[in-house]
Amino acid sequence: MDFKDYTVEKFAELTASDAPAPGGGSVAALTGALGAALAEMVANLTVGKEKYAEVDEEMQRLSEEGAAIRRDLINAIRKDSASFTAYMTALRMPKNTEEEKALRREAMQSGLKEAAEVPLEIAECAEKIFPIAELAVKHGNKNAVTDGLISAMIARTAVLAALLNVKINLDSIRDEAFVTEMTGRVKALEENAIAKEKEILAACKVSESMAGRSNLQ
């Protein structure tokens, strides 16, 4: 059964169990999907409202973009779990002869690369949430502005969470060129996610007041 077809309760129970999947990458994908859904919701609460007629087309596009990101991230849940399974399969390969050991090492390295590439794709997909979250906050239905803010916060979490899985796999990969390239992409995604969340939150009075109260505590 595909993880995306699980109930929320069943997915959470399986995540909490000793089963190897779903793990952090899959949870990052699901988290990102919910962030995209929130921005999409703000758009849908804005479309068709006379008060927001000037941004109606923009909100329709936002809704479509949010739906596409949400679907991609939901589908990534299974993909992430499958990539981890490939590495686990390599670990169980025989290692009785030098040839078997070499084949096993090669399969493990291939599995590790896939296990790094998939969460990177999740992070890159979750990063696409920031532009729609920003539009939701700036031009969407003001009664749902906090949902747009939460969308941005969730996007940051999804990006950074997925990247943690990239990093831990890179530590065991011997291909230096691959590691160097991936490390650069990770760094850029991290910096952008942190910056975009701050920028979106700073542009809204609601989040400014929350930050002010937090500083007093």
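User: Which helices each supply at least two residues of the lining of the second largest pocket?
Analyst: Helix H1 (8-16), H2 and H3 do so. Helices here are DSSP runs of H or I with at least four residues, strands are runs of E with at least two, and both are numbered from the N terminus. This is a predicted model, in which local features need pLDDT of at least 70, side-chain atom pairs count only at pLDDT 80 or more, and totals for chains, interfaces and linings use all residues. Residues are numbered from 1 along each chain as its sequence is written, and side-chain values use heavy atoms, with hydrogens and water left out.

User: Which helix gives the most to that lining of the second largest pocket?
Analyst: H1 gives the most, with 3 residues. The lining consists of Phe3, Lys4, Tyr6, Thr7, Val8, Phe11, Ala12, Leu30, Leu34, Ile74 and Ile77. A pocket is defined on a 1 Å grid over the protein atoms alone, as an open set of points where a 1.4 Å probe fits, with protein on both sides within 12 Å along at least five of seven lines; lining residues have an atom within 4 Å of a point.

User: How does the lining of the second largest pocket divide by class, and how much space lies in it?
Analyst: The lining has 9 nonpolar, 1 polar and 1 charged residues. Ala, Val, Leu, Ile, Met, Phe, Trp, Tyr, Cys and Pro count as nonpolar, Asp, Glu, Lys and Arg as charged, and the others, Gly among them, as polar. The space in the second largest pocket is about 190 Å³, a volume being the space filled by probe spheres set on grid points joined across faces, edges and corners.

User: And how much space lies in the largest pocket?
Analyst: The largest pocket holds about 240 Å³. Its lining comprises 16 residues, of which Asp80, Phe84, Ala115, Asn165 and Asn169 are the closest to the centre. Helix H2 (24-44), helix H3 (56-91), helix H4 (98-127) and helix H6 (145-170) are the elements giving two or more residues to the lining.

User: Which of those gives the most, and what are the classes in the lining of the largest pocket?
Analyst: H3 gives the most, with 5 residues. By class, the lining of the largest pocket has 8 nonpolar, 7 polar and 1 charged residues.

User: Changing topic: how many helices and strands does the protein chain have?
Analyst: The protein chain has 8 helices and 0 strands. Its C-alpha trace spans about 75 × 35 × 35 Å along the principal axes. Of the 217 residues, 41% count as buried, where buried means under 20% relative accessible area, exposed over 50% and partly exposed in between, with a 1.4 Å probe and protein chains only.

User: Which residues touch the most other members of the largest nonpolar core?
Analyst: Ile129, Val159, Leu163, Val166 and Leu170 do, in a core of 57 residues. Such a core is a set of buried Ala, Val, Leu, Ile, Met, Phe, Trp, Tyr and Cys residues joined through side-chain atoms within 4.5 Å. H1, H2, H3, H4, helix H5 (129-139), H6 and helix H7 (176-202) each give two or more residues to this core, and H6 gives the most, with 10 residues.

User: What is Val166 in contact with?
Analyst: Leaving aside neighbours within four places in sequence, Val166 is in contact with Ala116, Pro119, Leu120, Met182 and Val186. Contact means heavy atoms within 4.5 Å.

User: Which residues of H5 are buried?
Analyst: They are Ile129, Phe130, Ile132, Ala133, Glu134, Ala136 and Val137. These buried residues pack against H2, H3, H4, H6 and H7.

User: Is Glu40 buried or exposed?
Analyst: Glu40 is buried, with a relative accessible area of 10%. Glu40 is found in helix H2 and touches Leu62, Ser63, Gly66, Ala67 and Arg70, not counting residues up to four places away in sequence.

User: And Lys51, buried or exposed?
Analyst: Lys51 is exposed, with a relative accessible area of 71%. Its place is in the loop between H2 and H3. The C-alpha atoms of Lys51 and Asn141 are separated by 8.9 Å, although these residues are 90 residues apart along the chain.

User: Where is the pLDDT below 50?
Analyst: The chain averages a pLDDT of 92, and 94% of the residues score at least 70; pLDDT is the predictor's confidence in each residue, from 0 to 100. The pLDDT is below 50 over residues 210-217, a stretch with 0 contacts in the model beyond near neighbours in sequence.
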